[in-house]
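I sat down with this one to look up how its sheet is put together and where empty space is left inside. Here are my notes, in the order I made them.

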Amino acid sequence: MRMMLLTAGTRGDVEPFAALARHATSRGHEVRLALPDDADAPEGTDTVVLGLDAQRVLALAGRSPWALAHHVHAEVRPAMRRMLAGAVRETVAFDPDVVVHHPLILTAPMVAAALGVPRVLVEFAPVATPSERFPAAGGPTATRDLGARNRSTYAVPRAAARFFDGDVARAAAELPSGRRPDGRQPSRATLMAVSPTLLPRPDDWPERVHQTGAWYDQAPAASPDRAVSDFLGAGPCVVASFGSMATGDAAARGGAIVAAARTLGLRVLLVTGWGGLALPAECRGPDVLAVRSVPFDAVLPAATLVVHHGGAGTSHAVARAGVPAVVVPVTADQPFWAAQLHRQGVAAAPVPLRRLSADTLVPAMRDAMGRRERAAEVGRRVRQEHGVQRALEVLESL
């Protein structure tokens, strides 16, 4: 098959698609992967970029309504316009047998319909597939069970998508016909790349929804550098990462984590990412190591606990490592995963970002360390889920 894979977003949105691309290529399929401009292109994979710098789009300067409106106008809308048109242009050029896409690629239904090929939606959290059993992961009620009204919360992500309807219509100029097809082609299947151990499948998802488990490479993880390996081997350690969540005072967050860990006699590996965390000068010492990034699959199993923001990719990586967590959700689907990890017994009760301090982290860390046995049990189960293989089997069966 000729598979066009389209994704947008941060590391947690790109790495699963890269894993699927590598696995499909190894099985003899022709694969092209379209991704954000600032993403690390996987070696040995045919890739193209979509004109979207995810880090720049997420780098909101200021928190006022005016700052947000300016950022949307100056950065978000132009980037989305380029990405949506680029997705159409690159898909038409590749002429695929199937289009597999992230929910943010809003032009995927249009280009698949124009080319007369099936499309498959990918979700890393339930945002487009309604259920009465839990609310939409990205909505304002993501942590509250509204019973029969849960299904109505999925209108929030749909409404957000409609904000870009005009940009989708403009992107039709990239189609062979130059115009948007009539109607909307339903997806042939949905690949829910979510662990059933962390989120058991609800009984009201349709059959075309395939809950595959998380997507990640089965090959051995890359080894961390010597400094990280030596630090992890020197004693009990907290690994802290806020990924791309650079909003607010990164140094204050880093300082709070270090202070709380020291209270409990733990050392800290601070993963600064895109600026989500920073190490204040006054917190430096031999018990703290700050690095920009690490291979999670190699590093997390050595941690005593992990403090993280609750993104889908990080949540699954921590669960797979069998390590308990303290989750400090910031935005999007993170409150959903923070609550879900706590329900599954592998994380302390979420710590709201506005209340993050050493005083709130110390009891949360103590709570998390008491969950090591449950976290190890969940980790064993998650590691038995071969999500990327299952996803490819679904695609091959279309």
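My entries below go from the sheet to its strands and then to the cavity.

**Entry 1: the sheet.** I began by reminding myself that this is a predicted model. I then looked up the strand order, and found an open sheet of five strands running β10-β9-β8-β11-β12, with parallel pairing. At the edges I noted β10 (288-291) and β12 (325-327), each of which pairs on one side only. From one strand to the next, the twist averages 15°.

**Entry 2: strand β8.** Is β8 buried or exposed? I checked residues 237-241, and five of the five are buried, so the rest of the structure largely encloses this strand. Next I sorted the side chains by direction. Cys 237, Val 239 and Ser 241 point one way from β8, while Val 238 and Ala 240 point the other way, and all are buried. That fits a rule I keep at hand: side chains in a regular strand alternate between the two faces of the sheet.

**Entry 3: from β8 to β9.** I followed the chain onward from β8, and it passes through helix α8 (residues 250-263) to reach β9 in a right-handed β-α-β crossover. The two strands, β8 and β9 (residues 267-271), pair in the parallel sense over five bridges. For a look at single partners, I picked Ala 240, whose bridge partner in β9 is Leu 270. Ser 241 stands opposite Val 271 of β9.

**Entry 4: strand β9.** I ran the burial check here too. Five of the five residues of β9 are buried, so this strand is also largely enclosed by the rest of the structure. Arg 267, Leu 269 and Val 271 point one way and Val 268 and Leu 270 the other way, and all are buried. I made a mark beside Arg 267, a buried residue of β9. Going on to β10, I found four bridges joining it to β9, and the two run parallel. Here Val 268 stands opposite Val 288 of β10.

**Entry 5: β11 and β12.** Back at β8, I looked at its pairing with β11 (residues 305-308), which is parallel and has four bridges. Ser 241 turned up again, standing opposite His 308 in β11. Further along, three bridges join β11 to β12, and these strands run parallel. Val 306 stands opposite Ala 325 in β12.

**Entry 6: the cavity.** Rolling a probe the size of a water molecule over the atoms shows where empty space is left. How many cavities of 30 Å³ or more does the structure hold? I found one, and the largest cavity has about 40 Å³ of space in it. Which residues line it? I listed His 308, Ser 315, Val 318, Ala 319, Val 323, Ala 325, Leu 341, Val 346 and Ala 347. Helix α10 (residues 312-321) gives the most to this lining, with three residues. Sorted by class, the lining has seven nonpolar residues, two polar and no charged ones.

**Entry 7: a link between entries.** I was pleased to meet two familiar names in that lining, His 308 and Ala 325. In the sheet, His 308 of β11 stands opposite Ser 241, and Ala 325 of β12 stands opposite Val 306.

Technical notes: Residues numbered from 1 in each chain as written. Predicted model: local features only at pLDDT ≥ 70, side-chain atom pairs only at ≥ 80, totals over all residues. Heavy atoms only, no water. Buried < 20%, exposed > 50% of the residue type's maximum accessible area, 1.4 Å probe, protein only. Pairing = 2+ DSSP bridges. Right-handed = clockwise from strand over helix to strand, strands pointing away. 1 Å grid on protein atoms, 1.4 Å probe; cavity = no way out; pocket = protein on both sides within 12 Å on 5 of 7 lines; lining within 4 Å. Points joined across faces, edges and corners; volume = space filled by probe spheres on them. Nonpolar A, V, L, I, M, F, W, Y, C, P; charged D, E, K, R; others polar. Axes fitted to C-alpha atoms, helices over the stretch in contact; angles between N-to-C directions.
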